[in-house]
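Work through these exercises with the structure in view. Try each task before reading its solution.

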Amino acid sequence: MLEIKSLKKNFVSKNKQGKNIEKTAVKDLNLTIDEGEIFGLLGPNGAGKTTTIRMLTMLTKPTAGEILYKGKDIFSDELNVKKYIGVVPQHINFDQDLTVWENMELHGRLHHIPKSERHARIEELLNYVELQDRVNDKVKSLSGGMKRRLLIVRALMHNPKILFLDEPTVALDPQVRRRIWDLIRRLPKDGVTVVLTTHYIEEAENLCNRVAILNKGSLIKLDTPKALCEQIGKYVVEWDSEESREYKFFNSRKECADFAGTLDVATTIRHSNLEDVFVELTGRTVS
Ligand SMILES: Nc1ncnc2c1ncn2[C@@H]1O[C@H](COP(=O)(O)OP(=O)(O)OP(=O)(O)O)[C@@H](O)[C@H]1O
């Protein structure tokens, strides 16, 4: 559905001496996003996730490379492609003095949705995220979780085929985060392909069919969360040494238990997770 070929983005900024410095935010990215999947871009701050999403949503032009939507370069068909994509930004960007309805209405008008259709769609979407009772309230009176839900359905107003979400649950407490996850999980069932960025390992693990791990602008691994864990070993033995926490990966609990038996310290045996994959691949923690 979406093909990303040799995508690159450089930024030029000035150093303290006023000299231009070129920095590569995304290096030679190649990947394909399939219809109906929830695809995650996972990486620490500065990995290039937002820059990638900004290119995929045509907010910034790549320095090099191509992005094809159904085989066509998106920048050659910008107006048309905009009909098919919805964007949920990282930062809440409503007019907070307008009501829930007014914000949805404004977005519908920007997308030239006819009035009769627009009103039915707003009602449907507010019901979808259980905000129908807050329709006449100013956005500033909503909780953080409600604002996030509203941000998502606002981006769905024009019936996009792909929804891009940049850090959809950043700064939300765990309960609210789970509610947003439930909402995102429903989207493919309603015909929406989802591409999201996150630096929460748990989010990628819980939501994504496939995960691309980015670090310092490069794609370092791409697979299902399960396959990524299996690549380092399905199980891990964890223990504390004098200097640090130590990990050793195995493919079976039996191998873990055999190894743990050779140590004379307390150990934990557990399933490996994406956090382990990330640390193994980059030597860094994600957050
Ligand atoms: N407009 C810009 N001008 C100069 N450098 C930029 C610009 N936007 C991003 N960068 C740099 O590009 C790199 C990638 O940034 P990006 O925001 O894409 O990362 P990220 O993975 O989304 O991180 P975060 O979670 O912090 O947003 C960073 O080093 C950042 O400082």
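Angles under 35 degrees count as roughly parallel, over 145 as roughly antiparallel, 65 to 115 as roughly perpendicular and the rest as oblique. Keep in mind that this is a predicted model.

**Exercise 1.** Classify how helices α8 and α10 lie to each other, and describe their contact.

Solution.
- Step 1. Locate the helices: α8 covers residues 225-232 and α10 covers residues 274-282.
- Step 2. Take the geometry: the angle is about 55°, and the axes are 9 Å apart.
- Step 3. Apply the ranges: α8 and α10 are therefore oblique to each other.
- Step 4. Add the hand: α8 and α10 make a left-handed crossing.
- Step 5. List the contact: α8 gives Pro225, Leu228, Cys229 and Ile232, while α10 gives Leu274, Asp276, Val277 and Glu280.
- Step 6. Sort this contact by class: six residues are nonpolar, none is polar and two are charged.

**Exercise 2.** Work out the strand order of the open sheet and name its edge strands.

Solution.
- Step 1. Read the order of the three strands: β12-β11-β13, with antiparallel pairing.
- Step 2. Find the strands that pair on one side only: β12 (245-250) and β13 (267-271) are the edges.
- Step 3. Note the twist, which averages 25° from one strand to the next.
- Step 4. Check one pair: six bridges join β11 (residues 235-240) to β12. Asp240 has Arg245 of β12 as its bridge partner.

**Exercise 3.** Describe the shell around the ligand.

Solution.
- Step 1. Count the shell: 13 residues surround the ligand, and the closest are Phe11, Ala25, Asn45, Thr50 and Thr51.
- Step 2. Trace the elements giving two or more residues: β1 (2-14), β2 (20-33) and α1 (49-56). The largest share, three residues, comes from α1.
- Step 3. Split the shell by class: three nonpolar, eight polar and two charged.

Methods: Residues numbered from 1 in each chain as written. Predicted model: local features only at pLDDT ≥ 70, side-chain atom pairs only at ≥ 80, totals over all residues. Near = placed C-beta within 6 Å. Helix = DSSP H or I, 4+ residues; strand = E, 2+ residues; numbered from the N terminus. Nonpolar A, V, L, I, M, F, W, Y, C, P; charged D, E, K, R; others polar. Pairing = 2+ DSSP bridges. Axes fitted to C-alpha atoms, helices over the stretch in contact; angles between N-to-C directions. Left-handed = near helix turned anticlockwise from the far one by under 90°. Contact = placed C-beta atoms within 7 Å.
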